[in-house]
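Me: Please go through the following model with me. I should like to concentrate on how the ligand is held.

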Amino acid sequence: MAVGRKTGNQAPARAGALIVAATPIGNLGDVSTRLQSALRSAVKVAAEDTRRAAKLLESVDARARLVSLHAHNERSRIATLLRGMLAGEDLVLLCDAGTPGISDPGMRLVSAARSAGIRVTPLPGPCAAVAALSVAGFPADRFRFEGFLPARRAARLARLEALKQVTETLVFYEAVHRIGAALKDMRAAFGGGREAVLARELTKLHESIHGGTLDELCREAESGAIVAKGEFALVVGGAVEASGDQDAAALDSALKVLLDELPTRQAARLAAALTGVARRAAYQRALDLKRPKQAAE
Ligand code: SAM
């Protein structure tokens, strides 16, 4: 296998490898055969939470030595871990759940190992962002992973404001106690008509996936229809690029007729099919056209 060297350093031929292994995000059934055998044959496993990792190892009958590697000790552990690998020891790197390095520790160790010429190889598997994206039904040929928003409201709003015009699908992680506030701030920044999907407790017993506009999701969060418990990933549709004048005129005239006869969503779907404009753009335009009417009613 060809492995690009970051610096041209050459590790000794007997050096071990760093295996960056993804673990389940809530369902032990997602432990792959490859992960099982990597854990069973590993001598050393670096894990964010060694007690949690011990349970995983036990579940697959693996007896590797566990060392802790988390956000607060990653820097200081690197030298020892590199020495072990340079001396021929393979090291499996795990985080609490999902893929190491994705809003989790691991990047520094991976970077140092690559710089030392050590082979770094992925053992791919679950990742909450990708799992949420896969069920959102939004374009994912290009997307933007934003991870956690800042905890402070002013910083969060500033971040969202900066993302307002991004046309790619956006993926966020959010802590349970901030999910309602995050939805409201997204509504303030992106507009209530923006479509989003809130993925809760993916792969677990109480998995639920709520789709709708930010207006609808805010209402559901407030009413308790979305249970405020567990882990959340949020997928938000990108900003709609302004279509050409002709498209816009054709869309408006189709919508004006259809909105008199049909519910908004249906009218938008039909107008999109008639004009070739993207469904999401048609829906957003339909909401805009309806707004002054509703205000006057
Ligand atoms: N490295 C992980 C990955 O690959 O997905 C992410 C770690 S990050 C510290 C944890 C966040 O991921 C949670 O706060 C939540 O936003 C999201 N997450 C993790 N498991 C999830 C699940 N089962 N369902 C929904 N979101 C999840």
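Me: How far from a nitrogen atom of the ligand does a polar side-chain atom of Asp104 lie?

Reply: This is a predicted model, in which local features need pLDDT of at least 70, side-chain atom pairs count only at pLDDT 80 or more, and totals for chains, interfaces and linings use all residues. Residues are numbered from 1 along each chain as its sequence is written, and side-chain values use heavy atoms, without hydrogens and water. A polar contact is a pair of N or O atoms within 3.5 Å. For the polar side-chain atom of Asp104 and the ligand nitrogen, the distance is 2.8 Å.

Me: Which residue has a polar backbone atom 2.9 Å from a nitrogen atom of the ligand?

Reply: The backbone of Glu174 has a polar atom 3.3 Å from an oxygen atom of the ligand. The backbone atom at 2.9 Å from a ligand nitrogen belongs to Leu202.

Me: What share of the ligand's accessible area does the protein cover?

Reply: Accessible areas come from the Shrake-Rupley method with a 1.4 Å probe. On its own the ligand has 580 Å². Of this area, the protein covers 90%.

Me: Which class, nonpolar, polar or charged, has 12 residues in the shell around the ligand?

Reply: The ligand has 20 residues around it, each with a heavy atom within 4 Å. Asp, Glu, Lys and Arg count as charged, Ala, Val, Leu, Ile, Met, Phe, Trp, Tyr, Cys and Pro as nonpolar, and the others as polar. Five shell residues are charged and three are polar. The class with 12 residues is nonpolar.

Me: Which domains each give the shell around the ligand at least three residues?

Reply: An automatic or database assignment sets the domain bounds. The chain is divided into domain 1 (17-126), domain 2 (129-236) and domain 3 (244-296). Taken over C-alpha atoms, the centres of domain 1 and domain 3 are 51 Å apart. At least three shell residues come from each of domain 1 and domain 2.

Definitions and conventions. A polar contact is a pair of N or O atoms within 3.5 Å; within protein, one must be able to donate a hydrogen and the other to accept it, and residues adjacent in sequence count only if both atoms are side-chain atoms.
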